Amino acid sequence: MSKPPDFNRQTILMQSERGFKSEIIAAIPLTAKEKLFHIRICDPCERENFTFLPGQFIMIELPGCGEIPISISSSTSNKEFLALCIRNVGKVTGMLHRLKAGAIVGIRGPFGTHFPMEKMTGYNVLLMAGGLGIAPLRAPIYWANNHRSDYKDIIILYGAKEPEQILFGYQFEEWRTIYNLNILTIVQKADKRWPGRKGIITDLFGDIHIEPDNTFAIVCGPPVMFKFVCAHLSTLGLPRQRMFVSLERRMHCGMGKCCRCNVGSTFTCLDGPVFDYWTVMNLKEAI
Amino acid sequence: MLFKTITKENFRNMIEGIMENNEVIGPKSRDRDTKGAKIYRFLKLNSFDELEMDYTRSYSSPKNYFLPFKEDLATYDLRDTGWEQEIRYTIHPRIIVGMRACDINALLKLDQVMLKSQYPNPYYSARRRNTVIIGLDHEPLEDCFCRSMNTDTAFHGFDLFMTDIGEKYFVAINSDTGYMILNRFDSCEVGEEDQLLYKEVRGRIESKFKTQVDITIVPELMDLEFESDVWKRWGDKCLSCGSCAMVCPTCYCYGIEEDIDLNFDKATKRRFLYSCNLLDFATVAGGHNFRPEAHIRLKYRYYHQFRGFVEAFNQSLCVGCNRCGKACLAGISPKAVIDDLIGTEKR
């Protein structure tokens with residue numbers, strides 16, 4: 001699955017600092033604050049050579065404005081474009097939200113570790129996302145869909161604050177029916193029109209059956225969610241090395257230089273963003 | 001390694017000869033502090049007389065010639081149809097004279113991160129490869145603890161390294177460039193007498209270290225004492241100004257900012273050195289700060305220097321120059337913090 005590392009240092013020197021010029025081909029509003037950007041690398045040759053694995057991130061740059069790390073939320077087999085789900089929270093994301101199709105941005109990457117989908121072959125996969133956490137999980141979900149026969153049951157638990165903030169809800173039916181995934185959603189606050197469940201994501205554990213010996217878990221969400229979810233999964237008997245989390249830090253380089261994501265000897269951009277829970281437990285301040 | 005000797009007069013000729021066509025950087029006295037002592041900095045030299053060979057400690061480290069406070073990473077030419085990126089990292093060759101062993105060792109530690117890692121840094125690489133380093137031995141100051149950090153001697157990472165043995169300098173040669181420079185000016189082979197003198201000087205230097213810090217168990221203590229009130233005690237003093245990181249010879253944290261021209265036709269991507277003690281260091285999108293308090297940030301600074309780097313490269317990031325201790329406005333010195341952590345601090 002993974003490509004052998006490139007030991008030609010000259011190539012790394014060239015690629016790591018230089019951005020691929022890319023065109024925004026679509027900016028699709030998802031909710032009031034989030035937009036899904038389809039981004040295509042301009043050069044056909046570079047586009048062909050650009051490969052990534054589920055869970056990796058890229059640095060997206062707006063010249064003159066800034067550069068930010070964003071996880072890739074499209075299928076690894078999609079050679080046409082990269083999908084990035086971006087919430088409008090700061091200077092660069094705010095500017096990105098004002099861009100229309102046709103704008104040229106720069107991307108560097110891909111960086112970081114990936115969800116070890118190859119290890120999960122033959123197991124059940126439990127994917128848990130909170131809020132915007134569904135964005136990095138889309139790549140593994142697509143991967144699982146494309147290799148559906150490799151995995152046993154696939155369950156997605158998704159928690160959001162309000163029904164209006166549910167991301168990619170339009171795809172859930174397709175995933176359920178075509179790919180035979182079990183998707184459960186829960187929201188914290190909702191009015192009477194919401195037909196589904198109300199509460200926090202750990203409430204959904206009652207609705208599903210988890211076989212601790214046969215399950216891999218992937219968790220992504222706000223820091224507070226990791227604690228409760230992973231603690232709960234541990235009590236169920238799921239080994240910590242089979243729980244994977246994707247951490248968030250504000251990297252400035254993506255290459256283990258700026259230290260923004262450093263804790264001790266661990267860099268979230270090099271050793272992460274995907275960590276198993278055992279590593280996270282040994283990492284101070286991780287969540 | 002090859003060794004030679006050069007008389008002090010010939011050394012003067014050598015530096016003046018190099019200076020004719022090249023940029024020479026060395027310790028220069030800039031000002032005096034409140035007690036009347038000279039303040040030194042590594043700056044461009046215009047004549048040999050400006051070079052202070054017996055300087056005590058430069059206020060900021062010569063690291064800034066390899067990792068400048070501000071550096072343009074790329075420029076952008078903005079057009080209606082898009083933009084073009086231009087990356088430039090070529091520099092003119094130059095010479096740094098008078099670097100201490102601790103500063104040379106600091107560069108070797110930076111090399112581990114910047115050159116020998118997964119993503120080598122081209123900007124640092126260009127500066128490192130085009131800089132000739134002439135090191136200089138010195139007698140330890142009151143508060144130097146480089147011997148405890150094993151950085152009081154340098155065996156590589158320089159071109160020439162000189163030790164004052166009275167009339168002459170005893171020179172260790174570690175590169176072809178260094179050998180060529182020395183050969184162009186009169187230098188002598190090492191005699192038996194020179195060798196004895198050199199050993200004597202080295203012995204004298206080694207016997208003069210007063211400050212000692214025992215860091216053998218510190219990597220473990222960092223985890224054991226992670227919740228200790230030592231951090232709170234020192235951290236509450238910390239003003240979160242980041243001075244320590246600015247003067248430190250090994251701190252390399254940085255930030256990226258992008259500027260746009262007032263005409264909107266040019267943009268610059270700029271790297272500036274940062275400090276993990278500054279308030280917004282670990283802030284992520286949406287405003288969550290992983291290290292909201294000063295004592296937490298101070299702890300993680302030590303955690304990286306004395307634990308993380310040891311884990312990754314089997315050596316601590318600190319070289320024991322105590323520049324941070326001198327620069328700190330709140331009087332936090334690494335020796336005091338570590339002693340307190342180990343429990344040997346006299347209270």
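Helix α6 of chain A takes in residues 223-236 of this predicted model. At 1.5 Å a residue, its 14 residues ought to span 20 Å (the expected span being 1.5 Å times one less than the number of residues), and the end C-alpha atoms sit 21 Å apart, which agrees. Helices here are DSSP runs of H or I with at least four residues, strands are runs of E with at least two, and both are numbered from the N terminus. Residues are numbered from 1 along each chain as its sequence is written, with chains lettered from A and ligands numbered from 1 in the order in which they are written. Because the model is predicted, local features need pLDDT of at least 70 and side-chain atom pairs count only at pLDDT 80 or more, while totals for chains, interfaces and linings use all residues.

The buried residues of α6(A) are A:M225, A:F226, A:V229, A:C230 and A:L233. A residue is called buried when 20 or more other C-beta atoms lie within 10 Å of its own, exposed when there are 12 or fewer, and partly exposed in between, with C-beta atoms placed from the backbone. Those buried residues cover an arc of only 105° around the axis, so they end up on the same side of α6(A); the arc is taken from the directions that run from the helix axis to the C-beta atoms. The face turned away from that side carries the exposed residues A:V224, A:K227, A:A231 and A:T235. As for what sits over the buried residues, the cover includes β7 (124-130), β11 (215-220), β12 (243-246) and α7 (277-281) of chain A. Just past the helix, A:G237 takes a positive phi of about 100°.

Three of the covering elements, β7, β11 and β12, bring in the open sheet of chain A. Seven strands make up this sheet, in the order β10-β9-β8-β7-β11-β12-β15, and the pairing is mixed. Two strands pair if DSSP finds at least two bridges between them. At the edges stand β10 (197-198) and β15 (274-276), each with a single partner strand, so one side of each has no neighbour in the sheet. Strand β9 (residues 182-187) runs parallel to β10(A), with two bridges between them, and A:V187 stands opposite A:K198. Leading up to the other edge, A:P273 falls in the loop between β14 (266-267) and β15 of chain A, and the peptide bond from A:G272 to A:P273 is cis, with omega near 5°.

Elsewhere in chain A, strand β6 (residues 104-111) is mostly covered, with six of its eight residues buried. Strand β1 (residues 20-29) pairs with β6(A) in the antiparallel sense over four bridges, and here A:K21 has A:G106 as its bridge partner. Four bridges also join β3 (residues 57-62) to β6(A), again antiparallel, with A:F57 partnered by A:F111. A:P110 lies in β6(A) too, and the peptide bond that leads to A:P110 from A:G109 is cis, with omega near -5°.

Turning to how the chains meet, 38 residues of chain B are in contact with 33 residues of chain A (contact means C-beta atoms, placed from the backbone, within 7 Å). On the chain B side, the elements that give two or more residues are β4 (70-79), β5 (82-86), β11 (254-260) and α9 (294-313). The biggest share comes from α9(B), with seven residues. By class, this side has 24 nonpolar, ten polar and four charged residues; Ala, Val, Leu, Ile, Met, Phe, Trp, Tyr, Cys and Pro count as nonpolar, Asp, Glu, Lys and Arg as charged, and the others, Gly among them, as polar.

The largest nonpolar core has 165 residues, and A:A217, A:I218, A:V219, A:V245 and B:V171 have the most contacts inside it. Such a core is a set of buried Ala, Val, Leu, Ile, Met, Phe, Trp, Tyr and Cys residues joined through C-beta atoms within 7 Å. Leaving aside neighbours within four places in sequence, B:V171 touches residues including B:F3, B:I6, B:L160, B:M162 and B:L182.

Finally, two chain B loop residues take a positive phi without being glycine. B:S240, in the loop between α7 (229-235) and α8 (243-247), has phi near 55° and is partly exposed, with 16 other C-beta atoms within 10 Å. B:N314, in the loop between α9 and α10 (323-327), has phi of about 60° and is exposed, with 7 such atoms within 10 Å.

Methods
Two residues are in contact if their C-beta atoms, placed from the backbone, lie within 7 Å.
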